[in-house]
Amino acid sequence: MGVVYHGNYAQYLEMGRVEWLRDTGISYKKMEENGIMLPVVSLSLNYRKSAFYDELISVETRLKKTPSVKIEFDYKIYNEQQEILVEASTVLAFMDMKTKRPIRCPKYLLELIEKREKK
């Protein structure tokens, strides 16, 4: 059909989220090395237009609110003409990798997020 498969958009959101964390000073890899994982517990996608193969897209990622036990993001995916293709949101839970139980967002992460939000 020449359009991007709808399931690929979840991967685009992950890329946007990982880059948002990296830009904030948070390494997903280091979080996992410290025993914290962030599984997606909710994903919502609203498709507006199709992305086409070989089309450049951009993902805008925004933190919805200060994290607690969960962290929520809103996204917009744009094509090269800056048309909105997808609006989406995700909710991820901070989890202890050993106990597999939810935990509060670590203080050092909250400090980095607060620093970013002040920019």
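A search of the whole of this predicted model finds four aromatic pairs. One of them joins Tyr9 and Tyr47. Their ring centres lie 5.4 Å apart and their planes meet at 70°, so the pair is edge-to-face. Tyr9 belongs to helix α1 and Tyr47 to strand β2, so the contact ties together parts that are 38 residues apart in sequence. The two partners sit in unlike surroundings: Tyr9 has 3% relative accessibility and counts as buried, whereas Tyr47 has 39% and is partly exposed. Another pair is made by Phe73 and Tyr75. Here the centres are 6.3 Å apart and the planes are at 40°, so this pair is tilted. Phe73 and Tyr75 are both buried. Tyr12 also comes into the picture, as it forms one aromatic cluster with Tyr9 and Tyr47.

Next comes the core. In soluble globular proteins, nonpolar side chains tend to be buried together. The largest nonpolar core here has 24 residues, and those touching the most other members are Tyr9, Ile71, Phe73, Ile77 and Phe94. Four elements give two or more residues to this core: α1 (8-24), β4 (70-78), β5 (84-93) and α3 (107-118). The most come from α1, which gives five. Tyr9 and Phe73 thus appear both among these core residues and in the aromatic pairs described above.

Now follow the strands. β3 (residues 58-63) pairs with β4 in the antiparallel sense, over six bridges. The two form a hairpin with six residues between them. Ser58 has Tyr78 of β4 as its bridge partner. Tyr78 in turn has a bridge partner in β5, namely Ile84. β4 and β5 also run antiparallel, joined by nine bridges. Their hairpin has five residues between the strands, and Gln82 in this hairpin takes a positive phi near 65°.

Most residues other than glycine have a negative phi, and most peptide bonds are trans. Two further residues go against the first of these habits. Asp54 has a positive phi near 70°. Asp54 sits in the loop between β2 (40-47) and β3. With 81% relative accessibility, Asp54 counts as exposed. Lys100 has a positive phi near 60°, and is found in the loop between β6 (95-96) and α3.

Thr61 is a good place to look at strand β3 in detail. Where does Thr61 stand, buried or exposed? Its relative accessibility is 13%, under the 20% cut-off, so Thr61 counts as buried. Beyond its neighbours within four places in sequence, Thr61 contacts Gly16, Arg17, Trp20, Phe73, Asp74 and Tyr75. Phe73 and Tyr75 in that list are the tilted aromatic pair. The side chain of Thr61 also has a polar atom 3.4 Å from the backbone oxygen of Gly16.

Charged pairs come next. The count comes to seven salt bridges. One of them lies within helix α1: Glu19 and Arg22 have their closest N and O atoms 3.1 Å apart. These two residues are three apart in the helix, about one turn. Glu19 is partly exposed, at 37% relative accessibility.

A second salt bridge joins Glu87 and Arg48, with closest N and O atoms 2.8 Å apart. This pair links distant parts of the chain. Glu87 is in strand β5, Arg48 is in the loop between β2 and β3, and 39 residues separate them. At 25% relative accessibility, Glu87 counts as partly exposed. Setting aside neighbours within four places in sequence, Glu87 touches Ser44, Leu45, Asn46, Arg48, Tyr75 and Lys76. Asp23 is elsewhere: 64 residues apart from Glu87 along the chain, with 21 Å between the C-alpha atoms.

Back in the region of β3, the side chains of Arg62 and Glu60 meet in a salt bridge at 3.0 Å, N to O. Arg62 is exposed, with 51% relative accessibility, while Glu60 is partly exposed, with 26%. Shared partners also join Lys65, Lys70 and Glu72 into one network of salt bridges.

Methods
Residues are numbered from 1 along each chain as its sequence is written. This is a predicted model: local features need pLDDT of at least 70, side-chain atom pairs count only at pLDDT 80 or more; totals for chains, interfaces and linings use all residues. Side-chain values use heavy atoms; hydrogens and water are left out. Buried means under 20% relative accessible area, exposed over 50%, partly exposed in between (1.4 Å probe, protein chains only). A polar contact is a pair of N or O atoms within 3.5 Å; within protein, one must be able to donate a hydrogen and the other to accept it, and residues adjacent in sequence count only if both atoms are side-chain atoms. Contact means heavy atoms within 4.5 Å. A nonpolar core is a set of buried Ala, Val, Leu, Ile, Met, Phe, Trp, Tyr and Cys residues joined through side-chain atoms within 4.5 Å. Two strands pair if DSSP finds at least two bridges between them. Rings of Phe, Tyr and Trp (its six-membered ring) pair if their centres lie within 6.5 Å; planes under 30 degrees apart count as stacked, over 60 as edge-to-face and the rest as tilted. A salt bridge is a side-chain nitrogen of Lys or Arg within 4 Å of a carboxyl oxygen of Asp or Glu.
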